[in-house]
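Here is a friendly tour of one protein chain, from its overall fold down to its nonpolar cores. Please have a look at the model first.

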Amino acid sequence: MIRFLKDETAKDKVINSIIAEEWEMFDKVQNVNGRAVCQDDAKTFYIMRYGQFSVLSDETLESYLSDLRVSKNAGINMVALKYAYMMKFTDYAYYDDNLRKNVPPVTSEKEELVTGIVAKLEEYQKAFAAKYPKFASRQRTTAEGVNETSISAYATGELETYTPMTLKLVQKDVEADPAILEKMQNVVAALSGYTSLSEAEAAL
């Protein structure tokens, strides 16, 4: 069971509702090699997901929460779908042979939106890594391949599960704030016990 580390504001409550829905889906993901260790690490899951959602607008969060609930009611596990889409990057042969026929195709509208968002995130990530290289090295890498998920592959896989409405809102949030990734990681650092990113960087 997941424990909410922040539950003070109206926005916290929306984020916690999102994380609760995601955690339920994440717990049910069936991996090729059996249950992953991270599926039993609710605290880290909460910290990483809270950090990501903390920098999005209320409108975006409400839209994504709606996506999750609609998908759940339709019997679709959006988290499992995310990992299926990610396999296009990490193990295309397996994706092509085993997963492609079971996942919804990504529309050209969604593909265009996702490509634009990911391009911005990659730009911001480079700036963040230059400023906080040690902290950034603990995050996802820029490499791709079997069993190696890059930042862009992870973001693409996740965003491809969102509805066009939610993607447009995410795009608006991302394009409006070049410091969005640094703000997100500052929240992650705080929830991990540091007073700031600078302290986290110095401790690594």
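A residue is called buried at under 20% relative accessible area, exposed at over 50% and partly exposed in between, using a 1.4 Å probe and protein chains only. By that yardstick, 43% of the 204 residues of the protein chain are buried.

A word on the source: this is a predicted model, in which local features need pLDDT of at least 70 and side-chain atom pairs count only at pLDDT 80 or more, while totals for chains, interfaces and linings use all residues. Residues are numbered from 1 along each chain as its sequence is written, and side-chain values use heavy atoms, leaving out hydrogens and water.

The protein chain has 11 helices and zero strands, where helices are DSSP runs of H or I with at least four residues and strands are E runs of at least two. Some overall values follow.

| Property of the protein chain | Value |
|---|---|
| C-alpha box along the principal axes | roughly 45 × 35 × 35 Å |
| Positive and negative side chains | 24 and 31 |

Positive means Lys and Arg, negative Asp and Glu, with His and the chain ends not counted.

Now to the interior. A nonpolar core is a set of buried Ala, Val, Leu, Ile, Met, Phe, Trp, Tyr and Cys residues joined through side-chain atoms within 4.5 Å. The largest one has 46 residues, and Leu 159 is among those with the most contacts inside it. Beyond its neighbours within four places in sequence, Leu 159 is in contact (heavy atoms within 4.5 Å) with Val 114, Ile 117, Val 118, Leu 167 and Val 170. A second, separate core has six residues, including Leu 81 and Tyr 85.

Note on methods
The place of a charge is taken as NZ of Lys, CZ of Arg, CG of Asp or CD of Glu.
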